[in-house]
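Here is a short report for a first look at this structure. Please keep the sequence and the 3D view open as you read.

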Amino acid sequence: MNDAPPPLRDRELRLALVCYGGISLAVYMHGLVKEVWHIARASRAMQDESEPLSGSAGVYQTMLHELATLSGIRLRVLVDIVAGASAGGINGVFLAHAVATGQSLDPLTELWLEGADIEALIDPAQAPASALSRPWARPIAWMALGREGEDVSSVDIAARDELRAKLDRFVRARWFEPPFGGRAMVDMLLNAFEAMAAGPVGPRLLPPGQPLDLFVTVTDFAGHPELLRLNSPKEVVETEHRIVIGFSDHGDGPLADPAELVFAARATSSFPGAFPPFRVGELDAALADRGTAWPGREAFLRRVLPRQSAVNMVEQAALIDGSVLANAPFRPAIDALRERPARRQVDRRFVYLDPAPNHKFGFGTESKGPPTFFQTILGALSELPRKQPIRDNLDAIQRRSERIERMLAIVEKLRAGVEAEVEQLFGYTLFLDWPTPSRLAGWRQRAQVQAAKRAGYGHAAYGLLKVDQVLDRLADRVVTLADDPSPDRRRRLREAFHRIVVEREADRFDGDGASAATIDFLRAHDLAFRIRRLRLLVRTVSAMEPDQDAAALAPVREAIFASLTPYLACEHADHFDAVRPLAADKRVDPADLLAAMATAMDLATLDAQAEELLSAALSAAPRDIRRPVLLAYLGFPFFDIATLPLLGGEGLDEFDPVRVDRIAPDDAPSIRAGGAEATLKGIRFNNFGAFFSRPYRENDYLWGRLHGAERMIDIALSTLPSEVRLPPGWITRHKRAAFLAILDEEQPRLTTIQPLFDELRAEIG
């Protein structure tokens, strides 16, 4: 009798983090992202079967091991998309850098506790000249302290004298000028990256080939002109202020030069009135003083400030806080879902970090009656524009998930009919022969012809949609390579490519399928079709996991992903370096551009390589594995004709709906209820509170770690299927272990809030 346990089922929890702004609550958010980083480390350690980790990471590692034993699911937690604004932008930059490089976030903690202080941030030129400067301003500080309710906790008592002295100095600083120094912030950020580089380094926290994407929002204060085309008048010019700075490591390379990450972090955190607008000269001067080179400076500035670069005005560009126009940057994170590699069953989550969801700046929006004149103005300028867009973004995520669910239902309903169609087309002898590359290619082409005939007139609509999507992607890729993503350049390229297609009759379809010219065009350029086909195989293999031997499935899975990787490489701009000179030349013949793009991808060679890999793996696989995979591969044209027009090519990449989670003080009540008001000190003085007090920063950082631990355990365990039942008290036990591990780790460091540790241990029990 075989008593061996069943093979573990692999599952990925993929996190797309969206980090809000919060001014001095950046310190709290550092604690939050540190726990996200720790659970990603623990997950990687479990996958690698490495030595046990310490602290809360060790608790997560133990929890994941026990979870595999209890549920049969080996859960991997990873962060592959990060988007942030303002304080969230800074923390997102650091987290993404740590994930990509394997560097530690631990060296940043002391920098936050020391550097995020009014004394370190204030511009020396704005400080009061002497103790006698503006004595009349002192009552303002005292009134502020009184309104904030001193002496309500041990942390307030510890911070009282420091708060009084620093708030006094702050209100007597030079007025009508930003009190904080931009150069001081740049130096702090550069020091942070140097500290990370000098600290311990572990493995990259993502699987090989899994890209990491980072997005940081910035506001262009002066704005740049964008041309809009209308019916009447034909053209108008609109000033655009939104900037999204994007980075990607493409699955294997560095995320970016640290200077570029500092550029993004400093720009996104230029809170209006507190920091001066950021200009690139500020960073240039800091790098020059350190003797640090920035070799990619010109290319980076052309990419993120294309309009200013075109007129040699980059140095004059003034960038301010990203949260002014986009405090919740969901949109770029949603766009990044396209073409994500998938090695196993995926549970995709959007997790947004909101440090104070119900805290207002205090302009009276909660008062009874209509808002006053000043309440209306101040509320509109400070809160309303930045808070409202989240609903639209969450609705977009929900609609996307619903489309995916509809697509999956359609695929399942079609599966039996498609399999019967393929079996009738080839006969059962197909599954008695070993598939070879030449047979696989022949079968594939025959299945495509049959699918076109079965679709009838519907195939023409499907085919024209494919041609349109290819043209869209080609135009998008070329303007990216040219460092000129202007809508006008893209439109002109798209129109030129379309004219060539029409002239070559590469958009002709009839009842029997596509014309020869159309087939040639799609064979040379339709990358997305190949990627969708292999993703269907991934889905097929994942669905077989519960009923098949993991060792028998592994070679087929590996062959599928080995086939998929070269196609995905064609999605990266680096793959087209040879095309860049042509793309940048506005006088180039568009036909030459098309030919160069086709040569760079060389899809015919990739097709041959994929069929070599797949045929070898399927030939060695048991028949009950080989048959459904072959049916999915050959039946893919039938599925694609049905689903592509429905979804327009979107939502087919991960084949899984997206769910949304929030991490906020209100969502982590296990230790203390009451949300931000009951736990955080940084919300004081209109969210500037932590800048005035080391005890306040220590308090918020510690609560960030505790809240982060609770929510990451909740989110990780929410991936389990409904039939999995954990033992009573199991979740509470691991949360308590994580809380105590964090307290044990931080108590020696957080020396100004020692009474809080006794309070927390009593509350944890």
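## Around Phe263

This is a predicted model. Start at Phe263. Neighbours within four places in sequence are set aside here. Beyond them, Phe263 is in contact with Ile245, Phe278, Val280, Leu283 and Trp294. Its contacts also include Phe300, Leu301, Val304, Leu305 and Leu319.

## Two nonpolar cores

Phe263 belongs to the largest nonpolar core, which has 126 residues. Together with Phe94 and Leu702, Phe263 touches the most other members of that core. Helix α1, residues 26–48, gives the largest share of this core: twelve residues.

Another core lies apart from this one. That second core has 76 residues, and among them are Leu408, Leu527, Phe529 and Val538.

## Strand β1 and its partner

Strand β1 covers residues 9–19. Ten of its eleven residues are buried, so β1 is largely enclosed by the rest of the structure. Strand β2, residues 73–84, pairs with β1 in the parallel sense. The pairing runs over eleven bridges. In this pairing, Cys19 stands opposite Gly84 of β2.

Arg14 also lies in β1. Is Arg14 buried or exposed? Arg14 is buried, because its relative accessible area is 0%, and buried means under 20%. The side chain of Arg14 has a polar contact with the side chain of Gln210, at 3.4 Å.

## Cysteines

How many disulfides does the structure hold? The count is zero. A disulfide is a covalent bond between the sulfur atoms of two cysteines.

Two cysteines can be checked for burial. Cys19 has a relative accessible area of 0%, so Cys19 is buried. Cys570 is buried too, with a value of 2%.

## Two residues with positive phi

Most residues other than glycine have a negative phi. Ser86 has a positive value, near 55 degrees. Ser86 is found in the loop between β2 and α3, the latter being residues 87–101. With a relative accessible area of 4%, Ser86 is buried.

Asp602 also has a positive phi, near 50 degrees. Asp602 lies in the loop between α24, residues 590–601, and α25, residues 603–620. How exposed is Asp602, and what is its relative accessible area? Asp602 is partly exposed, because that area is 35%, and partly exposed means between the 20% and 50% limits.

Notes. Residues are numbered from 1 along each chain as its sequence is written. This is a predicted model: local features need pLDDT of at least 70, side-chain atom pairs count only at pLDDT 80 or more; totals for chains, interfaces and linings use all residues. Side-chain values use heavy atoms; hydrogens and water are left out. A disulfide is a pair of cysteine sulfur atoms within 2.5 Å. Buried means under 20% relative accessible area, exposed over 50%, partly exposed in between (1.4 Å probe, protein chains only). Helices (H or I, at least four residues) and strands (E, at least two) are DSSP runs, numbered from the N terminus. A polar contact is a pair of N or O atoms within 3.5 Å; within protein, one must be able to donate a hydrogen and the other to accept it, and residues adjacent in sequence count only if both atoms are side-chain atoms. A nonpolar core is a set of buried Ala, Val, Leu, Ile, Met, Phe, Trp, Tyr and Cys residues joined through side-chain atoms within 4.5 Å. Contact means heavy atoms within 4.5 Å. Two strands pair if DSSP finds at least two bridges between them.
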